[in-house]
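Q: Please take one part of this structure and look at it closely, beginning with how its chain segments are paired. Please then continue from that part to its surroundings, in a form suited to a reader who is new to the structure.

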Amino acid sequence: MIRIPVSTPSRSYEVLIGSGLLADAGECLGEIVGNRRVFVVTAPAIRRRWSKPLLQSLAKAGMRVNLLEMQDGEPSKRLATLEKLAEKLVKAGADRGILLIALGGGVVGDVTGFLASIYMRGVDVIQAPTTVLAQVDAAIGGKTGVNLQSGKNLLGTFHQPRAVLIDPAVLATLPAREYRAGLYESLKCGIIGDPGLFRMFEDRRRELLDRDTAVVEKVIADSVRLKASVVSADEREGGLRQVLNLGHTIGHAIEAETRYVQLLHGEAVAWGMIAATHIALSTGKLDSVTAGRITSTILSLGRLPRMKIQTASIVKRLHSDKKTRQGVVHFILPRDIGKVEIVSDVSEPAIKLAVEEIRKLARN
Ligand SMILES: NC(=O)c1ccc[n+]([C@@H]2O[C@H](COP(=O)([O-])OP(=O)(O)OC[C@H]3O[C@@H](n4cnc5c(N)ncnc54)[C@H](O)[C@@H]3O)[C@@H](O)[C@H]2O)c1
Ligand SMILES: [Zn+2]
């Protein structure tokens, strides 16, 4: 088992990673859970495939465990779902001393984390992420939230988990498209700060796409290590944590422009990273060989879905993104593999050229 520490001002905890770890959850989490009642929150598809080893292991360790279900998918990531879960908790007699375990993708994790942060003014949560995206990103760092009609993740809290339990074996049942979409976030970690991780994508791509256990475990662990170190240095996105938004400036605009239906989040981020790489190249911050390596590695993971976007509307959306601070659009640009820079003075022509470039690539 791999243990990666996350240390923030509000809490320090460990991310535990190992294939088959769900079946050892009772043993690994015994000390943290103590004699508290545990409520596992999950969604039907994940319950059917993966709840059994977790529940059995917790029960074997003598824990009192209940299972709560919510519907999965982005439309369920809203306050109404949280309210329903809270009512179920009250009916089951849950008091302030309970502990929640989120077993699922980012949607289950974000909803459960948010619920934990406000149920009876706050209870503990353990994240047990089951998608690549949730394992390398959503489950670590304590951001929770739900969507409003007006936009994504507009309600939320920071609530660090007590632990994160990652079992890469659960990724075996993930649909191929979801699996790949999560890998772009992992590749992002390589570009931000881990050249070795980036090289895994170049050298071990076949095994990674075939979900070879050892390769997947290494890629997940290295990505977690990167995210954990960034979050530990900057819990609340004061500055450094922004680097995790590589590819997200234009990625978010693309997601909104395609109404959140054509692309998965990771796929939009992949296009966004290609655009950021183009901007870095055209503004002289990155050499053409490295830019080519980044772009071709992103494209080598598989065909990104086609999309219809207008350059002008993407540029307009950049200014309304919630990450915009005082009207200034921030870009995270690669300077090298493993090194990025936060830049706020990218010219509009450079942005337009980059969007034109991905429009061209998306048509081919
Ligand atoms: N809190 C954060 O810091 C943070 C960071 C990034 C993303 N997010 C959020 O995460 C959400 C996206 O998460 P996601 O990509 O995990 O999507 P998701 O939670 O919607 O899961 C994707 C699909 O995969 C299914 N699934 C999950 N695990 C499975 C498994 N092991 N086998 C088979 N099917 C499985 C789910 O049922 C769902 O249909 C978004 O709402 C996003 O805002 C949060
Ligand atoms: Zn992301």
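**The sheet and its surroundings**

A: Arg3 has Leu16, a residue of strand S2, as its bridge partner. This pairing belongs to a predicted model. Strands S1 and S2 run antiparallel to each other and are joined by 6 bridges. Together S1 and S2 make a hairpin, with 4 residues between the two strands.

Leu16 also has a partner in strand S9, namely Leu165. Here the sense is parallel: S2 (residues 12-17) and S9 (residues 163-166) pair over 4 bridges. In a regular strand, side chains alternate between the two faces of the sheet.

These strands belong to an open sheet of 7 strands, whose order is S1-S2-S9-S6-S5-S3-S4 and whose pairing is mixed. Strand S1 (2-7) and strand S4 (65-69) are the edges; each has a single partner strand, so one side of each has no neighbour in the sheet. On average, neighbouring strands are turned by 20 degrees against each other, if direction is ignored.

Helix H4 packs on this sheet and touches strand S3 (38-42), strand S5 (99-104) and strand S6 (124-129). The direction of H4 makes about 165 degrees with that of S5. In the loop between H4 and S6 lies Met120, which has a positive phi of about 50 degrees although it is not a glycine. Most residues other than glycine have a negative phi. Met120 is partly exposed, because 14 other C-beta atoms lie within 10 Å, and a residue counts as buried only from 20 such atoms and as exposed at 12 or fewer.

H4 (106-118) also takes part in the surroundings of ligand 1: this helix, helix H2 (44-60) and helix H5 (132-138) each supply at least two residues of the shell. Of the 29 residues around the ligand, Gly105, Gly106, Thr130, Thr131 and Ala138 come nearest. Sorted by class, the shell has 11 nonpolar, 10 polar and 8 charged residues.

Further along the chain is helix H9, whose 21 residues (213-233) reach 30 Å from the first C-alpha to the last, close to the 30 Å expected at 1.5 Å a residue. Its buried residues include Val216, Val219, Ile220, Val224 and Lys227.

Helix H10 (residues 248-257) is largely enclosed by the rest of the structure, since 9 of its 10 residues are buried. Among them are His248, His252, Glu255 and Glu257. The cover over the buried residues of H10 includes helix H11 (265-282), helix H13 (311-320), strand S10 (331-336) and helix H14 (348-363).

Arg259 follows H10 and lies in the loop that leads from H10 to H11. Its phi is near 55 degrees, a positive value in a residue other than glycine. Arg259 is exposed, because 8 other C-beta atoms lie within 10 Å.

After H11, the loop before helix H12 (288-300) holds Lys285. Lys285 is partly exposed, because 18 other C-beta atoms lie within 10 Å. Leaving aside residues up to four places away in sequence, Lys285 touches Ala280, Leu333, Arg335 and Glu341. Lys285 and Asp336 are 51 residues apart in sequence, and their C-alpha atoms are 8.6 Å apart in space.

Technical notes: Residues numbered from 1 in each chain as written. Chains lettered and ligands numbered in written order. Predicted model: local features only at pLDDT ≥ 70, side-chain atom pairs only at ≥ 80, totals over all residues. Expected span 1.5 Å × (residues − 1). Near = placed C-beta within 6 Å. Nonpolar A, V, L, I, M, F, W, Y, C, P; charged D, E, K, R; others polar. Pairing = 2+ DSSP bridges. Axes fitted to C-alpha atoms, helices over the stretch in contact; angles between N-to-C directions. Contact = placed C-beta atoms within 7 Å.
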